[in-house]
Amino acid sequence: MAALSILGLLAVLFVPLSLLVALFFLARPRSTKVPIKGRHVFITGGSSGIGLALACRAAAQGARVSILARSIEKLEEARKFIRLSTGVDVAIYSSDVRDFEDVSRAINEADPIDILICNQGVFFPQELDTQEMKEVSFMIDVNLVGTFHLIKAALPRMKSRPDRRPASIALMSSQAGQVGIYGYTAYSASKFGLRGLGEALQQEVIADDIHVSLIFPPDTETPGLEEENKRKPELTKIIASSSAAVKAEEVAEKTLNGIKCGRFIVACNFDGIMLSIATAGLSPQSSFIMAFFEVMLAGFMRLLALCFQWSWYGTIEQWQAHKHRIH
């Protein structure tokens, strides 16, 4: 009986163990380590919020840090804050990411970049039918086109960098870049676009040992969040109410840890991990352990996603019915 029990246990374990072995060979690109200490980390949107938290953390870990933003006054304040917090000075660059020539000038003035973190972003929540097109264009130009400008300007010297250790390009997306939410039409479009950019770019730069990371934070306690909440449609607040905001320092820690591991998808909380599994699709995956969970949980996560969609559409139907009764 004992022998049969052991054989039964081995039979049960055979499939998951075989899958783990297969995924060890299948997961691509290969897992790597991207050093931070002593290297040049260039952070956009670095004068406040997540960008400032990233700059402080990277400086404290021994990186040479540069930050870029539009306002020179805010950049000067950020530099003083980083110096007081870490005892380290950082370089500052004033530039508008919507202007490729302006971005190229700033990046060419800086030292060759080892880790580029495209963290700039703007968000104006509103239903598309009432939103001004200038706001739609502004979000797409800053969040998506601005990221193209930064990468295009930085890539030539990143590829020819004298430091031949692994390098990184990190794109700050959002959980709204994994799932569309009512009132986030333009914002989600700009953030979903980063995923396509990142997936294709990773294939183009892997031969140069450059590793792309996509960061997916939830609502984050930043100076802009309070203003965003003031203008969120009521239905958006109801649908998104289950997701709690996290601190900028938490996102910065998760981001740098993900970059240092060369991870393509970087989640920032438990909800983010579940979303990442549910939306894994054809994304690169360097961790065979994470690939195992993606394969094993794919069906369950699809069922869970359908439950969320059922709840959201039910809420929308109730809201619209209530609004029609009032009017």
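# A tour from Cys 268 through the sheet and helices

Select Cys 268: this residue is buried, with a relative accessible area of 5%. The model is a predicted one, and every value on this tour is computed from it. Buried here stands for a relative accessible area under 20%.

**The cysteines**

Keep Cys 268 selected and add Cys 261. The sulfur of Cys 261 is the nearest cysteine sulfur to that of Cys 268, at 14 Å, and Cys 268 is in no disulfide. A disulfide is a covalent bond between the sulfur atoms of two cysteines. The cut-off used for one is a pair of sulfur atoms within 2.5 Å, and by this rule the count is zero disulfides. Now go to Cys 307. This cysteine is partly exposed, with a relative accessible area of 42%.

**The sheet**

Next, show the strands. In what order do the strands of the open sheet stand? The order is β3-β2-β1-β4-β5-β6-β9, seven strands with parallel pairing. Select β3 (91-94) and β9 (265-267): these strands stand at the edges and have a single partner strand each, so one side of each lacks a neighbour in the sheet. Neighbouring strands of the sheet are turned against each other by 20° on average, with direction ignored. Strands of a sheet pair through backbone hydrogen bonds, either parallel or antiparallel.

**Strand β1**

Select residues 40-44, which make up β1. Five of the five residues in β1 are buried. In a regular strand the side chains alternate between the two faces of the sheet. Colour His 40, Phe 42 and Thr 44, which lie on one side of β1, and then Val 41 and Ile 43, which lie on the other; all of these are buried, and both faces of the strand are covered.

Now look at the partners of β1. On one pairing, five bridges join β1 to β2, and the two strands run parallel. The bridge partner of Ile 43 in β2 is Ile 67. On another pairing, β1 is joined to β4 (residues 115-118) by three bridges, again with the strands running parallel. Val 41 has Ile 115 as its bridge partner in β4, and Ile 43 stands opposite Ile 117 of β4.

**Strand β4 and on to β5**

Stay on β4. Ile 115 and Ile 117 point one way from this strand, Leu 116 and Cys 118 point the other way, and all are buried. From β4, move to β5 (residues 167-172), which pairs with β4 in the parallel sense over four bridges. Ile 115 has Ser 168 as its bridge partner in β5.

**A helix across the strands**

Select α4, residues 100-109. This helix lies across β1, β2 (64-69) and β3, and runs at about 165° to β3.

Next, select Arg 157, which has its place in helix α5 (residues 133-159). Is Arg 157 buried or partly exposed? Arg 157 counts as partly exposed, at 28% relative accessibility. Leaving aside neighbours within four places in sequence, Arg 157 is in contact with Ile 107, Asn 108, Ala 110, Asp 111 and Pro 112. To set a distance across the model, add Phe 216: the C-alpha atoms of Arg 157 and Phe 216 are 27 Å apart, with their positions 59 residues apart in sequence.

**Two loops**

Select Pro 29, in the loop between α1 (2-26) and β1. A cis peptide bond joins Arg 28 to Pro 29, with omega at about -5°.

Then select Asp 209, in the loop between α6 (185-205) and β6 (210-216). Phi of Asp 209 is near 60°, a positive value in a residue other than glycine. At 26% relative accessibility, Asp 209 counts as partly exposed.

**The pair α10 and α11**

Finish with helices α10 (residues 270-278) and α11 (residues 288-326), whose axes are 8 Å apart and which pack at an angle of about 80°. The two helices are therefore roughly perpendicular to each other. Which residues meet between them? From α10 come Ile 273, Met 274, Ile 277 and Ala 278; from α11 come Met 290, Phe 293, Glu 294, Leu 297 and Met 301. By class, this contact has eight nonpolar, no polar and one charged residues.

The last selection is Ser 287, in the loop between α10 and α11. Ser 287 counts as partly exposed, at 27% relative accessibility. Its C-alpha atom is separated by 26 Å from that of Ile 50, 237 residues apart along the chain.

Note on methods: Residues numbered from 1 in each chain as written. Predicted model: local features only at pLDDT ≥ 70, side-chain atom pairs only at ≥ 80, totals over all residues. Heavy atoms only, no water. Axes fitted to C-alpha atoms, helices over the stretch in contact; angles between N-to-C directions. Parallel < 35°, antiparallel > 145°, perpendicular 65-115°, else oblique. Contact = heavy atoms within 4.5 Å. Nonpolar A, V, L, I, M, F, W, Y, C, P; charged D, E, K, R; others polar. Pairing = 2+ DSSP bridges. Buried < 20%, exposed > 50% of the residue type's maximum accessible area, 1.4 Å probe, protein only.
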